[in-house]
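Work through the exercises below with the model open. Each task is followed by a stepwise solution.

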Amino acid sequence: MAYWWKRPLRMMRWDYIDDFSRIKNENIDTLVRMKKGKLHINCEWIVGTPGVSPGLGYLVTFYAEGFDRYPGFEDFDSLRTYLSYARKYGIRLLVYLNMHWFSYEFADAHPGWEKIMSNGEPYGIVHPLYGNGTTFCVNSPWRDWAFKLMEETMKTGVDGIFLDGPVVYPDCCYCESCQKKFKERYGSEIPKEDWQDPLWKAFIEFREDSMADFLKDAQEVVLRINPEGVIFLNAGSWQPGSWRVARDAKRLSRYQNFSLAEAFFHPSSGRINLYQSAMTTKYLRATGIPAVTAFHYCMGAWHYTFLPPEEIKLSVYQAVSCNGSIWIGGSTYRHEYKPEGCKPLNETLGFLEKNEDYLKDLESISDTALLFSSQTSRYYISAITELYKDLGSGKEQDLIVDLGTGKTVVDWSKRKLICENLMSFSYEGYFTALTRSHIMFDIVLDEDILLEKLSKYKILIIPDFACLSDEQWQVIEDFVKDGGSLITSFDAGLYSEKGELRFIEERLRLLGIKDIEGAFPAVRGENYIIAKEDIFGFDKGNLIERSPYALKVKPLERTYTPFLFMNPLERVYTPLKGESNFPAVIINSYGKGKVLYFAFPIGAFYGSDRIGTQEQLISASINYLREPIIKVLAPPTLEAELYRQKDKSRIILFLVNNTGDMQRPLSYINPVNNIEISIKNISIKSIYSVSNENYIDFKNNNGVNFTVPILKEFDIIVLEEE
Ligand SMILES: [Zn+2]
C-alpha cells in the first residue's frame, strides 16, 4: 500500500507571525486555493498550540476537551474549520504543537514537570526560553498532559502532528522522575558530567532513550485514533553537538514517519556551508525513513522580509536532488505586502509538482559510503593532545602572525568541544570534496556498518575520527577482505564505540600501521607533505600543505607510501629541513581489498581551510581505488546525484547549479554550459532534459556519453533504459 506520506512532499507553514487569530478574518477558501494553485504545496502545517511569548504552548487554537483556548480563538475552531478547505483542495493537514515552551505560571500550577539542571535549579529559571518561560521533562507526569493534547488534536480528523520539542536541554534532566527512572535502570544516582565515568556515558544514552520512549508512546496515541496518522519531531541533524540536546535521528526514526531537520539560511559573518541543504538531506535519508529538510523563506532573523530567490532555490533543489522532501516556513505578512516575492516559490514548487513522477521511489546509484558516526559525536575525545593546543588563526596582518598562545587545553568538556568542532569540519570537508568531485556517495550511519549494507559499495570512508565497536571493526575488516576499499585518516577507528582507547595491533594492521610513535608538533602553516613520485595528479617533489595535526606513523612492511611528511618546522618563514621517514599516506593491500590511510585529519583540514590540494588527494584516492560509475566534466560547483527508478526502468540524474556569487546570500546563479557526462554499464533508449524540455543526443558505447548544452538552475535528466 502506498502511504501518502511516502510521496514527495512540499510542506509549508504559512504563519501570521504578528497575530495568529487573523486567520478568522480570512476568506479561507480563497487562501487555501492560492496555496494550492500558486504555491503548489501538497501538505500544510497549521498551529495547534503556538510558540509565543511568554510560553503559551499550553493554549489551543481549536476545541480540545480540558484545554484552554488561545486568545482570539475562543469562538473559532481553527483546525476543524481549516481542515474542510484543505480536504477540498487536496492538501494534507498537519498540526504544529509546541512542546517545549511554557510560562512560569503554568509551571507553578504543575510542580514536578520542569526540567532540572545538575545544580538542582529549573532549566527555564537559569535560561529563560526566548527570554521568558520554562520547559518540561519527557519523563515527568507532563507526558500524560502532552499525550492528551495529541489525542484531542488527532480527534479533529487532521492527518497528523508535528511536535516542536520536547527538548532535553544541556545539563538536563535531574528531576525526580528522571532520577527514579535512571536508578531503576542503572541502580545509581544520575552522575555529573565526567567523560571518564562510564555512568556519565550511560546517562547520555538514557537522555536519548528518554526522547525515543516519549515519541514511541506519542506515536501509539496517534495511531490509536488514526492508523494512517503521522507523527514526527525535529530529529536533529548531523552536527556533532546533537547529543547535548539528546537528539539522534536514527534512534528516533523507529517511532516517526519523517526524519526532519532544519537547514535554515542565516546571513552570518563566518563562512556559510554551500551544501547545507544537501548535507542535511543526505544525512536524514540515511535514517531509512522519508527525509524532510526545513527552510524558512525569510532573511535569517529578519522574519518579515524575504530570502533572495537564489538562496531558496538552491536549498530546495539540493534537498530534492538528495531525495528529500521539503518544508518551507513563510509569513502571510510578506505575501500581503509583496506578493511577487513568492514568485521563486511558485516557480520552484510548481516545477516539482509538475514533475513529481521523477521524484518518486528513487534508489541511489552510488559506489561510495561516507560514515557519519553519532557514537563518535557522543563520545570522541581524542587521545592526541596536540589537538588541544591553542594555535591561533595563523593569519598574518600588519606584519603580525596570529599564532595563539601555544597552551594546551586540559579541561575535558573543552576538549570535547574542540573534537566536535574538528568532526564538524571533517564531515563538511569530506562531503564537500566528494560533491565537488562529482563522486556518487551516500551517507551511512553507525547502524549501517553491517556486511549486507556495505556490500553495495566499493569504498567506505571513515572520516578522520571514529569510535567503533569491535564488532563494527570486524565488519569493516571483512568488507575489505572481500574486496572493498577503505579510506580513513588520523585516529579514526582507534577508539571503542564508547570512546575508550583501541590503539591496538588488531586495528592498526588493517590500516597498514606497525605503530604510532606520536604526533608532530601542532603548527598552523609552513609544514608540508612531499610527493615521492608522480601520483594523484602531483609531480614527484611537489610540496603539499600539511594540516596542523599529523601523526608519526611507522608503516608495516609491504605497504605503499607515495607521500612523506617533511621534517617539522616550528614556525613560519623558516628554511625547509628535508624529508622525514614518516609517511603521510599509507596504501595497504588487505585480502582482496585495499586501505588508504592519511596520517593526518585531511577531512577536517579541507573542511576548515579548503585548500585545493586536499580535495585533490581525496578525489584522486577514490579514483585510484575504483572506476567511477559516472564521470561529469563540469565546474566543481555543479552537483550531480544519480538514481534508479526500478519499476520504471529509468535512471534519473539531478543536476543542481550551485555556481553563483562568491558571497552569500546569493544574488545570481551563473548558467553552466556543455556539461559532458558519461555513465558506465547502462544501455539507453532516450535521454530527456526536463527543464529544457528537449531530448539530448547520446552515444551508446559500453555505457552512454552525452552533453547537456545548458544548465540554468536545476535539471532532471531522464535516461530511459532499454
Ligand atoms: Zn526529568
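A cavity here is a set of grid points where a 1.4 Å probe fits but cannot get out. A cavity volume is the space filled by probe spheres set on those points. The model is predicted.

**Exercise 1. The largest cavity**

Task: Find how many cavities of 30 Å³ or more the structure holds, state the volume of the largest cavity, and describe its lining.

Solution:
- Step 1. Count the cavities. There are 4 of 30 Å³ or more.
- Step 2. Take the largest cavity. Its volume is about 180 Å³.
- Step 3. List the lining. It has 15 residues. Nearest the centre of this cavity are W14, Y16, I23, I46 and V47.
- Step 4. Assign the lining to elements. Strand 1 (10–15), strand 2 (43–49) and helix 2 (78–88) each give two or more residues to the lining of the largest cavity. Strand 2 gives the most, with 4 residues.
- Step 5. Sort the lining of the largest cavity by type. It divides into 9 nonpolar, 2 polar and 4 charged residues.

**Exercise 2. The second largest cavity**

Task: Characterise the second largest cavity by volume and lining. Where does it lie with respect to domain 1 and domain 2?

Solution:
- Step 1. Read the volume. The second largest cavity has about 140 Å³.
- Step 2. Identify the lining. It counts 18 residues, and S237, D248, Y283, S374 and S377 are the closest to the centre of the second largest cavity.
- Step 3. Find the main contributor. Helix 13 (residues 374–379) supplies the largest share of this lining, 3 residues.
- Step 4. Sort by type. The lining of the second largest cavity holds 6 nonpolar, 6 polar and 6 charged residues.
- Step 5. Place the cavity. Domain 1 (4–354) and domain 2 (368–513 + 587–625) both give residues to the lining of the second largest cavity, so it lies between them.

**Exercise 3. A salt bridge between helix 12 and helix 1**

Task: Give the salt bridge count, then analyse the pair E353 and K36.

Solution:
- Step 1. Apply the cut-off: a side-chain nitrogen of Lys or Arg within 4 Å of a carboxyl oxygen of Asp or Glu. The count comes to 55 salt bridges.
- Step 2. Check the pair. The closest N and O atoms of E353 and K36 are 3.8 Å apart, and the two form a salt bridge.
- Step 3. Locate both ends. E353 sits in helix 12 (residues 343–354) and K36 in helix 1 (residues 28–37), so the pair ties together parts that are 317 residues apart in sequence.
- Step 4. Classify exposure. E353 is partly exposed because its relative accessibility is 26%. K36 is also partly exposed, at 26%.

**Exercise 4. Buried pairs and their network**

Task: Are R378 and E205 buried or exposed? Repeat for R251 and D248, then name the network that joins them.

Solution:
- Step 1. Start with R378 and E205. Their salt bridge has its closest N and O atoms 3.7 Å apart.
- Step 2. Locate them. R378 belongs to helix 13 and E205 to helix 7 (residues 198–225), so the pair ties together parts that are 173 residues apart in sequence.
- Step 3. Use the cut-off: buried means under 20% relative accessible area. R378 is buried at 6%. E205 is buried at 16%.
- Step 4. Turn to R251 and D248. Their side chains meet in a salt bridge at 3.9 Å, N to O. R251 is buried at 12%, and D248 is buried at 4%.
- Step 5. Join the pairs. Salt bridges that share partners link K181, R185, E205, E208, D209, D213, D248, R251 and R378 into one network.

Methods: Residues numbered from 1 in each chain as written. Predicted model: local features only at pLDDT ≥ 70, side-chain atom pairs only at ≥ 80, totals over all residues. Heavy atoms only, no water. 1 Å grid on protein atoms, 1.4 Å probe; cavity = no way out; pocket = protein on both sides within 12 Å on 5 of 7 lines; lining within 4 Å. Nonpolar A, V, L, I, M, F, W, Y, C, P; charged D, E, K, R; others polar. Domains from an automatic or database assignment. Buried < 20%, exposed > 50% of the residue type's maximum accessible area, 1.4 Å probe, protein only.
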